[in-house]
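Hi,

Here is the structure I promised to pass on. Have a look at it first, and then read my notes underneath.

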Amino acid sequence: MKYVIIFVLVLTLGMLATGFYLKNAGDANGDIIIGLGVLMVAFVLMPLFIYHRYKNKKISDFTFEKFKKDLEERSKSEKKL
């Protein structure tokens, strides 16, 4: 998966660089290539990266349930004082 993400990253950076080069050269297809590169980053690269980073993690570690519980306990103890 790591190599797929690196490949997609290099591909999108190449698309963006090519698109900007073509746009500066006066070719109208540069905007299309830039747009496709941005779409690839948003809809292919980011989901792959997020899936790869969080596939073996517990989602409850990333929520505020513990913080919320501690905050409620603190507010109850402060009211008792």
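Below is what I found, going through one helix and then two residues.

Keep in mind that this is a predicted model.

Let's start with helix α1, which covers residues 2-25. Does its length add up? Counting 1.5 Å a residue, its 24 residues should span 34 Å, and the C-alpha atoms at its ends are 35 Å apart, so the two agree. Right after α1 comes Gly26, which has a positive phi, near 100°.

Which residues of α1 are buried? They are Ile5, Val8, Thr12, Met15, Leu16 and Gly19. What do they pack against? The partner of these buried residues is α2, residues 29-54. When you look at the spacing in that list, remember that an α-helix has 3.6 residues a turn, so residues three or four places apart point the same way.

Thr12 is a nice one to click on. This residue of α1 counts as buried because its relative accessible area is 1%, and the cut-off for buried is under 20%. Leaving aside residues up to four places away in sequence, Thr12 touches Gly37, Met40, Val41 and Leu45.

Now try Asp70, which sits in helix α3, residues 65-80. Is Asp70 buried or partly exposed? With a relative accessible area of 38%, Asp70 is partly exposed, because that class runs between 20% and 50%. You could also find Pro47: 23 residues separate Asp70 and Pro47 along the chain, and their C-alpha atoms are 33 Å apart.

Cheers

Conventions
Residues are numbered from 1 along each chain as its sequence is written. This is a predicted model: local features need pLDDT of at least 70, side-chain atom pairs count only at pLDDT 80 or more; totals for chains, interfaces and linings use all residues. Side-chain values use heavy atoms; hydrogens and water are left out. Helices (H or I, at least four residues) and strands (E, at least two) are DSSP runs, numbered from the N terminus. The expected span of a helix is 1.5 Å times one less than its number of residues. Buried means under 20% relative accessible area, exposed over 50%, partly exposed in between (1.4 Å probe, protein chains only). Contact means heavy atoms within 4.5 Å.
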